[in-house]
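Dear colleague,

Please find below the structure that I am handing over to you, followed by an account of what was found in it. I should be grateful if you would read the two side by side.

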Amino acid sequence: MAAVSHTEATNLTTPSSNNNNDGDDTNTTTTTTFSISPVTLQKLPHLKDYIPQEDLKSQPNPLERNPFYHPSQGFYISHSDVVVRHIVFDLYESFLSSASSIAYHRAGPRDRIFFDPSQTRAAIVTCGGLCPGLNTVIRELVVALWDLYGVRQIFGVKAGYRGFYSSEPVELNPKLVHSWHNRGGTVLETSRGGFDLHKIVDGIQDRQFNQVYIIGGDGTMRGAVNIFDEIRRRKLNVSITCIPKTVDNDVGIIDRSFGFQTAVEMAQQAISAAYVEAESAVNGIGLVKLMGRSTGHIALYATLSSRDVDCCLIPEMEFYLEGKGGLFEFLEQRLKENSHAVLVVAEGAGQDMITRTDAQKEERDESGNPVFLDVGRWLKSELTKWWARNHQNELLTVKYIDPTYMIRAVPANATDRLYCTLLAHSAIHGVMAGYTGFVPGPINGIYAYIPLEEVAQSKNEVDTKDHKWAWVRSVTNQPDFMKV
């Protein structure tokens, strides 16, 4: 890590009360000066780290000659432009600490590039599950490579990682991808699994790709780290970047991943339908399962956006069904008060409460993740059995809605489309500048380049001790599920 020290004076003005000779309270101002701790700049991998200088030539950025750009002072990003990861401090504690603040290189165009556009062969691949915005990212990568940098050899790798060695790539151009942003899914097709490191890198080498744009989530990123390490071990003049895709919003460090806001918006339709079903029945419960294997961001934001949800269950929060303070007691009270209730549950919530066979405990999907059982169906069954035990001869209607594939398959909304464009442009600018093994993304609203390995090892989980979760509980008035 390269340490960059930057210290400046910060004045903190606080009122204090002193007694004067007349006995009156007089407010005076006391000024205390703090110094900001040094900034530690995370090292960003570059082709210069392992490619001999004589084999790596730089040239002026072709944006200088682009008729749509008029670069002026401050247009190009310099090596000293950084984005600080944490921007909220306690002046009385944080600044008194000797710990340094972490910073990353700012994303954007550099004045010199390390790829000759006429010799550049770019590969684009989508991996893992579907997510709103995949086609938008592909489109923007193609258009920006073509229009901004003059790259004419752009290829789509089909069917995920296995496409590098199992099929021929597809040539892409702006005319072909022009309307792709209006379509859900991925035109390049995707798949899980198929990760064979040496076959993938052999495919990259054999087809003479020197730029690789991988679009995927946390599992895809872990694979991309291995690809980057193998490319570096072979000393290939190939730059690789991973554009963060996960509808669950569980990628760490960056503000959010693309497709998330579209997912929250689409989830409203399912919650609204559940509310109508519940309100229209005697003792009606609308049960909605939303995506979120290890994090509950979609369920949380959908609950806050809807205001029709009575209880939100997420993987980061344990809950229980029976007894005082449990889910059943809470729902019974809601049914007495309103005669209906809406329950939102993330797919990863309560998985440890569902009975499994030994075979089910060992089951894994093609990406190596544990196979989850359907928490929605399980909850519906448990609710029905509970009501039958305790409320014989009373009606109960439970309507279960699982909109997972409807949400994943839609095109990105306007906000996510813009975000996809900025991610694609940021990725291209970094790759053309010779950076490799990085993830582009916003940190506190400013786009940065983060080392790929660091992002692959991080996780964005819901903090049930922060304000957002407190807002959820204030909206739903649900119990904290803390056993006394």
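Helices α7 and α14 cross in a left-handed sense. Please bear in mind throughout that the model is predicted. The axes of α7 and α14, the latter spanning residues 467–476, come within 10 Å and cross at roughly 45 degrees. An angle from 65 to 115 degrees would count as roughly perpendicular and one under 35 degrees as roughly parallel, so the pair falls under neither heading; α7 is therefore oblique to α14. On the α7 side the contact is made by Leu300, Tyr301, Thr303 and Leu304, and on the α14 side by Lys468, Trp469, Trp471, Val472, Val475 and Thr476. Sorted by class, the residues of this contact are seven nonpolar, two polar and one charged.

Helix α7 also takes part in the second largest pocket, to whose lining α7 gives the most, with three residues. The space in that pocket amounts to about 890 Å³. Its lining consists of 25 residues, and those nearest the centre are Ile254, Asp255, Asn460, Asp466 and Lys468. Two elements, α6 (260–279) and α7 (297–306), give two or more residues to this lining. Lys468 thus appears twice in this account: among the residues nearest the centre of the second largest pocket, and on the α14 side of the contact with α7. In terms of class, the pocket lining holds 10 nonpolar, seven polar and eight charged residues.

Two further helix pairs may be of interest to you.

The first is α8 with α10. Helix α8 covers residues 327–338 and helix α10 covers residues 375–390; they pack at an angle of about 70 degrees, and their axes are 12 Å apart. Because of that angle, α8 is roughly perpendicular to α10. Their crossing is right-handed. From α8, the residues in contact are Leu327, Phe328, Leu331, Glu332 and Leu335, while α10 contributes Leu379, Glu382, Leu383, Trp386 and Trp387. Eight residues of this contact are nonpolar, none is polar and two are charged.

The second is α4 with α5. Here the helices run over residues 197–206 and 218–233 respectively, and they pack at an angle of about 60 degrees with their axes 10 Å apart. The two are therefore oblique to each other. The crossing of α4 and α5 is right-handed. Leu197, His198, Ile200, Val201 and Ile204 of α4 meet Asn226, Ile227, Glu230 and Ile231 of α5. The contact of α4 with α5 is made up of six nonpolar, two polar and one charged residues.

I turn now to the enclosed spaces. How many cavities of 30 Å³ or more are there? The count comes to two.

The largest cavity has a volume of about 40 Å³. Lining this cavity are Gly156, Val157, Lys158, Gly163, Phe164, Ser167, Glu168, Pro169, Arg207 and Phe209. Strand β10 (153–157) and helix α2 (163–166) each supply at least two of the lining residues. By class, the lining of the largest cavity contains four nonpolar, three polar and three charged residues.

The second largest cavity holds about 30 Å³ of space. Its lining is formed by Asp218, Asp250, Val251, Gly252, Val455, Ala456, Ser458 and Lys459. Of these, three are nonpolar, two are polar and three are charged.

Yours sincerely

Methods: Residues are numbered from 1 along each chain as its sequence is written. This is a predicted model: local features need pLDDT of at least 70, side-chain atom pairs count only at pLDDT 80 or more; totals for chains, interfaces and linings use all residues. Side-chain values use heavy atoms; hydrogens and water are left out. On a 1 Å grid over the protein atoms alone, a cavity is a set of points where a 1.4 Å probe fits but cannot get out, and a pocket is an open set with protein on both sides within 12 Å along at least five of seven lines; lining residues have an atom within 4 Å of a point. Grid points are joined across faces, edges and corners, and a volume is the space filled by probe spheres set on the points. Helices (H or I, at least four residues) and strands (E, at least two) are DSSP runs, numbered from the N terminus. Ala, Val, Leu, Ile, Met, Phe, Trp, Tyr, Cys and Pro count as nonpolar, Asp, Glu, Lys and Arg as charged, and the others, Gly among them, as polar. Axes are lines fitted to C-alpha atoms, for helices over the stretch in contact, and angles run from 0 to 180 degrees between N-to-C directions. Angles under 35 degrees count as roughly parallel, over 145 as roughly antiparallel, 65 to 115 as roughly perpendicular and the rest as oblique. A crossing is left-handed if the near helix is turned anticlockwise from the far one by less than a right angle, and right-handed if clockwise. Contact means heavy atoms within 4.5 Å.
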